[in-house]
Each structure stands twice: as structure tokens, then as C-alpha cells.
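Here's a quick walk through the ligand site and the empty spaces of one protein. Have the model open beside you as you read.

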Amino acid sequence: MKQYIIRGGKSLAGEVTIGGAKNAALGILAAAIMTDDEVTVENLPDVSDINALLEAISAIGGRVERIDAHTVKLCGASICSTTVDYDYIQKIRASYYLLGALLGKKGKATVAMPGGCKIGSRPIDQHIKGLKALGATVVSENSMIKVKADKLKGSHIFLDVVSVGATINIMLAAALSTGQTIIENVAKEPHIVDVANFLNSMGANIKGAGTDVIRVRGVERLHGSVYSCIPDQIEAGTFMCLAAATKGDIVLKNIIPKHLEAISAKLSEIGADITEFDDSMRISCNKRVSSSVVKTRVYPGFPTDMQPQIAVVLTTADGVSTINENIWEDRFKYIAELRKMGAVVTVEGNVAFIEGQKELKPAIMEAPDLRAGAALTIAALQADGVSIITDIHYIERGYENFDGKLRQLGASIEKIDSDDQAAIQRFKLEVI
Ligand code: UD1
């Protein structure tokens, strides 16, 4: 098992280029198989979640041709199966976008039921409600969901819960239905807009993405396209928190500052200096941050996927901070790890109270999931001394070359095999 070994305590500075948005790319790759023409998707992040979805697409017969680390050519014409096995759903939950995509393209799909994961129970009732409203029959059998429709017909759907996944799945199926679908109370995240823009570039007729109501006028067929994914707002936000936590000075390149407004506002409020440019941003922080109240909300609110990273920044704030997690009921597991560093945090239900300390101390910590893993890495980079983060495969699901980008900013971090004690010793000697 790979782990990060980190010598923290340095202010990190320099430039970092942000990659394509993982969560947009997952929806876009699923959408890409809906045409029989060739599609080229650019600015993909080279992370394991994307590779797992590409494997799932290959497994059902789709043609996947890697042009380079960030570009892929896909063709859905050769798809011969409409069943996505549990193996893929287990690796990458978002394989369930193939439910909507295959239903639209082939009129049927069987996808393994996504299990709960470490941040909450993650139901998919809203996806199912939407697909049923479009005329699909949905049967759940032996942990598989089977959807089928002779003809998908436009419908009026009001989501009970604002859901990124349900919005994308319904939009995918509706793109190849007959008539108009109106989906209300939809998610407005930048990646929803990106998936809609991509579908439109293939000839779909989708309006309103980015607002509460999306209108899809079904078309008979979709055609090929060349499309570039938007930059990853969460990767960018993670490096912003890194700058604040390490009293650093970082320039983020290839970003859309508008997508980062909630994060920028919060970091400015607690004392970071932020200057925005067209597609880049400079963030620096040269003082102890002040405490704050953070409430996770759907976009444009503060993203739940940035909750662990901002919590780490606040562990050394001046005063007591409060974090309300309003999206996932079980997203505070990493706090037990942070306590090993001397963080003083109490959790009551979905609220964490963080008593800011002057500094954190190094520790050996386990990454419990993707974003929390990145947050613990930031904590380790902040603390003076050698820390170890285990289970970094979670981090590699969504951050491309995380350790490399951190080294570029001056961090002492190595990816080392956990069995390789000699390498760990070598690292400790080298950095001291
Ligand atoms: C996506 C993101 C994930 C992010 C989340 C919220 C991807 C691949 N993942 O996940 O990183 O944390 O959005 O921004 O894009 N819900 C229901 N019924 C449903 C669907 C969702 O009750 O049918 C609830 C969930 O339990 C949760 C909330 O809605 O409380 C938001 O979930 P959703 O937006 O669907 O998250 P994902 O699409 O799974």
C-alpha cells in the first residue's frame, strides 16, 4: 500500500495548474456513449475514478482510445451490453450515470445497486423517480437495478432533494426522449452546466442548466463532438486551503474564479488575501486565520467536498469555529485522525466545533476518503515534523499527481510503499 510521508512546517509557494473537473468528466464520459459517432473529450483529469469509468465503458463494448493522459476518444457504436457489473460500481459509484445514458441510447440498462459509502447512506431514489417519470419501468433485483422503456417520453419532474447525480442521470435519459422534460429543483453545480453544454454540443436541446429548472427537448439522435472539461473547482479549493493553512503564497492557473466564490469568500473572511484574474488566482496568507462558521450547502453555497479541507485550516484559527455539514450525514470520520495531531474538535450530530490551536503536531493518519485524505495531507504539511498518511489510494481517486504538485510548491512529500521501511528512514534523514 502506498502512503505519503511528509515533512511539514514550510510555507508553500509557487504556481500550480488545476486539472479538469473529475465530477464533470464522469457525467461527460457517460454522455459520450449516447452517440454512435466518435467523441473526443479533452482536459480529463488523470485520476483513478476516471480510469475506472473508462474501463466500465470498455466492458460494455464501447471503444475507448487514449490519446494522451488528458484526452480520450470514445465511440458508443460498438456497445453490445447494457449491464454494468458490481465490480465497476464498487470502484466508481458514478458508473450509475450509465443507467441514464444506456436507457436513453438502448432503451434499457442493468446497473449494480450502488452501496453506501463512507460519507453517508447515498440513496438513489430521486434518480429512479425521474427515470420512472420518463416512462421507464424500474425493477430492483439481486442488488441490480433494471430499467427499461420502449419509448422515453418527456415529463415534468420535481426533485424532492437537490441531487447532482439525479439531475445528471435524468438529463441524460431525457436528451434522447420524445417531447419536453422539465426538471425542477435541480442541482446547479458547475459540472451540471458542463454536462449539459457537452450534450448540447452533441446536438441535444437542454436549457436552464445552472438554474433551478432544466428544460430538455428530446432529440432523435446525438452526434459526435470535441469537448474540453471545465477546471476542477474542488482541486482548486484544496490548493487554496493549502495556501491558507501553510501561510503560503500560491498562484492557481487554469481555473474559473466564479466557480470558487464560496471558497474565496470564506478564506478572505478568515484572513487570506486573494487576487482574481481571468483564469487564475493568487492566494496568500501571512497571519493566523480567524475562526468562522461554515455551513455546507448545494452550489453556490460552500461545497461539502471542501468541508474537511476548511476544517483543517480552522484547526489553527484564533477562536472557536463551527462547521455544519448539511449534505452528508457521516462526513466527520477524519476528525478522529485530526485529533492525533492535537486538533481540538467535538462533534455533535452534523456539527463540529473546532477550538483553534496555535499549531498541530505531526502524526500517522489514515485517509478515510478522497477529500478527507487531501485535508489530512494539508494538516500534515502544516505541522512541523514528519507525518505519514496511509490509504492514499482514496486521494488518487480524485487528485492527479497530488504529491508532485505539492513538491512543485516546495513541499517535502514522498509517495512510498508502506513496506519500504528503508525508504521511510531515507526520507526522514534527507529532510532533516
Ligand atoms: C455528487 C458528487 C460528490 C458531492 C455531492 C454533493 C459526483 C461524482 N459526486 O455526489 O462529490 O459530495 O455531489 O455535492 O459528482 N440524495 C437523495 N436521493 C437521491 C440522491 C441524493 O436523498 O436519489 C441525497 C443524498 O443522500 C445527499 C444529497 O441528496 O444527502 C446530495 O446528493 P447528490 O447531490 O446526489 O450527490 P452525488 O451525486 O452522489
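What follows covers the ligand first, then a pocket, two cavities and a couple of backbone oddities.

Keep in mind that this is a predicted model.

**Around the ligand**

Which residues come nearest to the ligand? The shell holds 19 residues, and the nearest are Gln 126, Ser 163, Val 164, Asp 305 and Ile 327. Three of these make polar contacts with oxygen atoms of the ligand, and the table lists them.

| Residue | Protein partner | Distance to a ligand oxygen atom |
|---|---|---|
| Gln 126 | polar backbone atom | 2.7 Å |
| Ser 163 | N or O atom in the side chain | 2.6 Å |
| Asp 305 | N or O atom in the side chain | 2.5 Å |

Taken on its own, the ligand has 730 Å² of accessible area, and the protein covers 86% of that.

Now for where the shell comes from. Helices α1 (22–32), α5 (125–133) and α6 (164–175) each chip in at least two residues. The largest share is from α5, with 3 residues. Zooming out to domains, domain 1 (2–18 + 231–426) and domain 2 (22–228) each give at least three residues to the shell. Sorted by class, the residues around the ligand are 9 nonpolar, 6 polar and 4 charged.

**The second largest pocket**

Next up is the second largest pocket, with about 310 Å³ of space. Its lining runs to 20 residues, and Gly 104, Lys 105, Lys 106, Leu 176 and Glu 220 sit nearest the centre. The class split for this lining is 7 nonpolar, 6 polar and 7 charged residues.

**Two cavities**

How many cavities of 30 Å³ or more are there? The count is 2.

The largest cavity has a volume of about 70 Å³. Where does the largest cavity lie with respect to domain 1 and domain 2? Both domain 1 (2–18 + 231–426) and domain 2 (22–228) give residues to its lining, so the cavity lies between them. Its lining includes Ala 21, Lys 22 and Asn 23, then Pro 190 and His 191, a run from Ile 230 to Ile 234, and Arg 371. Helices α1, α7 (190–201) and α8 (233–245) each supply at least two of the lining residues, and α1 also gives at least two residues to the ligand shell. By class, the lining of the largest cavity has 5 nonpolar, 3 polar and 3 charged residues.

The second largest cavity holds about 40 Å³ of space. Among the residues lining it are Gly 19, Gly 20, Pro 45, Val 47, Glu 235 and Tyr 399. Asp 232 is on that list too, and Asp 232 also lines the largest cavity. This second lining is made up of 3 nonpolar, 3 polar and 4 charged residues.

**Backbone oddities**

Two spots in the backbone are worth a look. Most residues other than glycine have a negative phi, and most peptide bonds are trans. Tyr 299 and Pro 300, however, are joined by a cis peptide bond, with omega at about 10 degrees. You'll find Pro 300 in the loop between β18 (293–295) and α10 (307–314).

The other spot is Ser 143, which isn't a glycine but has a positive phi of about 60 degrees. Ser 143 is placed in the loop between β8 (137–141) and β9 (144–148).

Methods. Residues are numbered from 1 along each chain as its sequence is written. This is a predicted model: local features need pLDDT of at least 70, side-chain atom pairs count only at pLDDT 80 or more; totals for chains, interfaces and linings use all residues. Side-chain values use heavy atoms; hydrogens and water are left out. A residue is near a molecule or strand if one of its heavy atoms lies within 4 Å of it. A polar contact is a pair of N or O atoms within 3.5 Å; within protein, one must be able to donate a hydrogen and the other to accept it, and residues adjacent in sequence count only if both atoms are side-chain atoms. Accessible areas come from the Shrake-Rupley method with a 1.4 Å probe; for residues, only the protein chains shown count as cover. Helices (H or I, at least four residues) and strands (E, at least two) are DSSP runs, numbered from the N terminus. Ala, Val, Leu, Ile, Met, Phe, Trp, Tyr, Cys and Pro count as nonpolar, Asp, Glu, Lys and Arg as charged, and the others, Gly among them, as polar. Domain bounds come from an automatic or database domain assignment. On a 1 Å grid over the protein atoms alone, a cavity is a set of points where a 1.4 Å probe fits but cannot get out, and a pocket is an open set with protein on both sides within 12 Å along at least five of seven lines; lining residues have an atom within 4 Å of a point. Grid points are joined across faces, edges and corners, and a volume is the space filled by probe spheres set on the points.
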